[in-house]
Amino acid sequence: MTQPVLETDRLILRQPDLSDFEPLCELMGDEDTTRFIGGVQEPALVWRGLCGIVGHWALRGYGFFSVIEKESGNWLGRVGPWYPHGWPQPEIGWSLNRSTWRKGYASEAAVACMDYVVDELGWPDVVHLIHADNTPSQGVARKIGSRDLGHDAEVAGFGMIVDVWGQSAAEWRALRRTLR
C-alpha cells in the first residue's frame with residue numbers, strides 16, 4: 001500500500017511512526033491541549049493510542065496524519081480522517097501542540113485533509129466532532145467552511161456529548177478555491 005504524504009506551504013502530513021511517540025506524549029500530557037479529547041494520558045496510554053492510530057491506517061487505509069513543520073522538521077500534532085468504532089461517521093479531526101496554536105497550522109492541515117478525503121477517498125460529506133465549549137476548534141471548522149449541523153453525538157469511549165460540525169463534498173468543492 002502506498003503511504004500518502006500531503007504537503008502544504010508550511011507542512012508535511014505523513015503517516016505516524018515511532019519517532020512521533022515522544023512529541024505525542026508531550027501533546028497528551030498537556031491539560032489544556034487534551035481538555036476536549038479525553039484528558040491527560042500517561043505514556044503507556046499514549047503508546048496504545050499511537051498504536052491505535054497506526055492500526056487505523058492498516059485497517060481502514062487512512063487515519064490521522066502526523067503534522068510536520070517543513071522549516072524546522074518539528075512534529076506539531078495530528079490531523080486527519082478518523083473513524084474509530086462507535087463514531088457516528090468518519091470525521092476529520094485535529095489536535096496540535098499548544099505551542100502551535102493561533103498560527104493557522106490546524107486549518108492549513110485540515111484543508112489538505114479535506115481535499116484528500118473528498119478527492120482521494122470519495123467521502124460524500126465530512127464531519128468534525130467538537131465539544132460545545134471548544135471555541136478554538138469551532139474556529140478551525142469555520143475557517144474551512146464547516147458549520148454546526150444542529151445535532152449532537154456521543155464520542156464512544158469518552159462519555160462526551162459533542163456537536164457535529166461539517167459540510168458536504170459539493171460544498172467543499174465550491175469553497176476550497178477561496179481558501180488558497
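Guide: Let's start with a term: a helix axis is a line fitted to C-alpha atoms over the stretch in contact, and angles run from 0 to 180 degrees between N-to-C directions. The model you're looking at is predicted.

Visitor: Okay, how do I read a pair of packed helices, and at what angle do helix 1 and helix 3 pack?

Guide: Two packed helices are described by the angle between their axes and the distance between the axes. Here, helix 1 (residues 21-28) packs on helix 3 at an angle of about 115 degrees, and their axes lie 10 Å apart. The crossing of helix 1 past helix 3 is right-handed.

Visitor: Which residues of helix 1 and helix 3 make the contact?

Guide: Count a pair as touching if heavy atoms come within 4.5 Å. Helix 1 brings F21, L24, C25 and M28, and helix 3 answers with P43, V46, W47 and L50. Sort that contact by class and you get 8 nonpolar residues, no polar and no charged ones.

Visitor: Now the strands. How many bridges join strand 1 to strand 2?

Guide: Two strands pair if there are at least two bridges between them. Strand 1 (residues 6-7) and strand 2 (residues 11-14) run antiparallel and are joined by 2 bridges. Look for E7 with I12 of strand 2 opposite. The two strands form a hairpin, with 3 residues between them.

Visitor: And in which sense do strand 2 and strand 3 pair?

Guide: Antiparallel, over 4 bridges. Find R14, then look across to S66 in strand 3, which stands opposite.

Visitor: What about strand 7 and strand 8: over how many bridges do they pair?

Guide: Strand 7 (residues 147-155) and strand 8 (residues 160-168) pair over 6 bridges, again in the antiparallel sense. D152 has D163 of strand 8 opposite. Their hairpin has 4 residues between the strands, and G157 there takes a positive phi near 85 degrees.

Visitor: Let's talk about empty space. How many cavities of 30 Å³ or more are there?

Guide: A 1.4 Å probe fits in a cavity but cannot get out. The count comes to 1 cavity of 30 Å³ or more, and the largest cavity has a volume of about 50 Å³. Its lining is made of P16, D20, L24, L50, I53, F64, F65, S66, W75 and R78. Helix 3 (43-60), strand 3 (65-69) and strand 4 (75-82) are the elements giving two or more residues to that lining. By class, you'll find 7 nonpolar, 1 polar and 2 charged residues there.

Visitor: And what volume does the largest pocket have?

Guide: A pocket, by contrast, is an open set. The largest pocket has a volume of about 1200 Å³. It is lined by 49 residues, and T33, I37, W94, S95 and N134 are the closest to its centre. Split by class, the lining of the largest pocket has 26 nonpolar, 15 polar and 8 charged residues.

Terms used. Residues numbered from 1 in each chain as written. Predicted model: local features only at pLDDT ≥ 70, side-chain atom pairs only at ≥ 80, totals over all residues. Heavy atoms only, no water. 1 Å grid on protein atoms, 1.4 Å probe; cavity = no way out; pocket = protein on both sides within 12 Å on 5 of 7 lines; lining within 4 Å. Points joined across faces, edges and corners; volume = space filled by probe spheres on them. Nonpolar A, V, L, I, M, F, W, Y, C, P; charged D, E, K, R; others polar. Left-handed = near helix turned anticlockwise from the far one by under 90°.
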